[in-house]
Amino acid sequence: MTQPTPANPQLIGDIRQLIESSRNALAATVNSALTQLYWHIDQRIRSEVLNNQRAGYGEQIVSTLARQLETDYGRGFSAKSLRHMLRFAEVFADPEIVSAVRRQLSWTHIKTLIYIDDPLKHDFYLQMCQQERWSTRTLQERLDSLLFERTALSRLPDELLASELANLSATDQISPTLILKDPYVLDFLGLQDRYLEKDLEDAILRELENFLLELGAGFTFVARQKRLQIDNDDFYIDLLFYNRRLKRLVAIDLKLGDFKAADKGQMELYLRWLAKHEQEPGEAPPLGIILCSGKKQEHIELLELDASGIHVAEYLTELPPKALLQQKLHEAITRSRQRLDNRSVDQNGEEA
């Protein structure tokens with residue numbers, strides 16, 4: 001019997017790609033339609049509730065509707081699901097925002113986001129999901145790792161973070177403010193109590209994928225112990241990365257102890273060499289991250305490191321309790337507002 005002629009591998013590949021693309025497009029269309037449906041269901045329920053003055057009518061109508069709809073259409077319309085819909089329309093009251101969200105995020109994304117009570121925190125995760133196309137799993141991982149708290153701790157006050165989020169929404173241009181964190185949590189490295197800088201570097205390279213996730217959006221690895229020859233001297237950058245969203249190189253210097261003022265000069269040398277020899281046309285100037293096990297805030301403020309494109313951050317080998325991180329965030333906000341108040345008083349005094 002004649003054997004069938006094998007299909008052209010290129011043809012099979014092309015057809016598979018067409019099928020997958022169509023399936024993905026169909027799933028996105030279905031998700032968008034369902035999300036819009038859920039929002040409109042809530043609007044209709046809300047209208048009914050507002051037109052009736054009887055106490056407890058809202059809960060009664062949800063329970064009654066759920067029993068009938070669940071019988072007709074399945075578990076997707078249970079009382080719990082209807083309450084999710086009510087919460088959705090309460091949090092996303094603007095139809096234009098709903099129109100954008102339903103095209104970009106799944107219903108599972110939305111169910112997670114609508115129960116974040118802090119408006120700034122909610123906006124932060126919404127923007128990151130939209131701009132970085134996080135999966136629902138990634139979103140949950142970022143929430144579990146307290147990404148917002150650590151980002152907010154790095155860049156205060158709240159007004160600055162809110163401004164950066166508004167700029168991201170308007171321009172689709174992400175800034176270092178939203179990417180750089182403090183502290184970085186390196187619990188996945190499995191480091192013991194005693195280790196050397198080389199041990200830290202080796203562990204990062206072994207767990208590079210997790211380290212890239214911890215760094216944040218858009219990072220790719222470039223080099224380890226990048227050699228810089230200046231005059232007749234050799235210098236080495238511990239780790240060199242590139243961030244495609246920021247369009248700039250990012251040099252990381254690892255320190256076991258506390259940050260020292262001399263570390264600034266060393267990193268400035270690295271950044272100027274990179275700008276001269278490695279920066280490509282159209283790229284922004286290189287950034288530096290000094291990653292240390294401790295730091296003294298007044299040192300960093302007096303050195304005005306941001307003006308040099310240098311970010312100093314602590315690293316933790318285990319995730320701290322949420323209460324402790326929130327306490328540190330509260331203390332940092334208080335210090336930041338005090339500095340702003342003092343600056344305002346000084347300026348008013350000079351003007352007088």
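In this predicted model, the lining of the second largest pocket draws at least two residues from each of helix H6 (119-132), helix H7 (136-144), helix H8 (147-154), helix H10 (176-179) and helix H12 (208-215). The space in this second largest pocket amounts to about 600 Å³, and of the 31 residues that line the pocket, Arg142, Ser145, Asn210, Leu213 and Glu214 are the closest to its centre. By residue class, the lining of the second largest pocket comprises 14 nonpolar, seven polar and ten charged residues.

The chain as a whole contains 15 helices and six strands, and 42% of its 352 residues count as buried. Among the contacts in the chain with a separation of 6 or more, 62% are accounted for by residues 24 or more positions apart.

The largest nonpolar core holds 64 residues, and the members that touch the most other members are Tyr125, Leu200, Phe211, Phe241 and Ile252. Helix H6 gives the most to this core, with six residues. Apart from the largest core lies another core, of 19 residues, which includes Ile237, Leu249, Cys292 and Leu305. Within the largest core, Leu200 can be followed in more detail: when residues up to four places away in sequence are not counted, Leu200 touches Leu186, Leu189, Leu191, Tyr195, Leu254 and Tyr315.

Leu200 belongs to helix H11 (residues 197-206), in which Glu201, Asp202, Ala203 and Ile204 are buried as well as Leu200. The cover over the buried residues of H11 includes helix H12 together with E2, E3, E4 and strand E6 (310-316). An α-helix has 3.6 residues a turn, so residues three or four places apart point the same way. In H11, the buried residues Leu200 and Ile204 bracket the buried residues Glu201, Asp202 and Ala203 in the sequence.

Three loop residues were examined individually. Asp182 is placed in the loop between H10 and strand E1 (184-185), and Asp182 counts as buried because its relative accessibility is 6%, which falls under the 20% limit. Although Asp182 and Thr151 stand 31 residues apart along the chain, their C-alpha atoms are separated by 6.5 Å.

The other two loop residues have positive phi values. Asp231, in the loop between strand E2 (219-230) and strand E3 (233-243), has a phi near 55°, a positive value in a residue other than glycine. With a relative accessible area of 70%, Asp231 is exposed. Lys247, found in the loop between E3 and strand E4 (248-254), likewise is not a glycine and has a positive phi of about 55°. The relative accessible area of Lys247 is 43%, and this residue is therefore classed as partly exposed, between the limits of 20% and 50%.

A search of the whole structure for disulfides returned zero. Two cysteines were considered for their exposure: Cys129 is buried, with a relative accessible area of 2%, and Cys292 also counts as buried, at 0% relative accessibility. Cys292 is among the residues of the core of 19 residues, whereas the position of Cys129 falls within the range of helix H6 (119-132).

Definitions and conventions
Residues are numbered from 1 along each chain as its sequence is written. This is a predicted model: local features need pLDDT of at least 70, side-chain atom pairs count only at pLDDT 80 or more; totals for chains, interfaces and linings use all residues. Side-chain values use heavy atoms; hydrogens and water are left out. A disulfide is a pair of cysteine sulfur atoms within 2.5 Å. Buried means under 20% relative accessible area, exposed over 50%, partly exposed in between (1.4 Å probe, protein chains only). On a 1 Å grid over the protein atoms alone, a cavity is a set of points where a 1.4 Å probe fits but cannot get out, and a pocket is an open set with protein on both sides within 12 Å along at least five of seven lines; lining residues have an atom within 4 Å of a point. Grid points are joined across faces, edges and corners, and a volume is the space filled by probe spheres set on the points. Helices (H or I, at least four residues) and strands (E, at least two) are DSSP runs, numbered from the N terminus. Ala, Val, Leu, Ile, Met, Phe, Trp, Tyr, Cys and Pro count as nonpolar, Asp, Glu, Lys and Arg as charged, and the others, Gly among them, as polar. A nonpolar core is a set of buried Ala, Val, Leu, Ile, Met, Phe, Trp, Tyr and Cys residues joined through side-chain atoms within 4.5 Å. Contact means heavy atoms within 4.5 Å.
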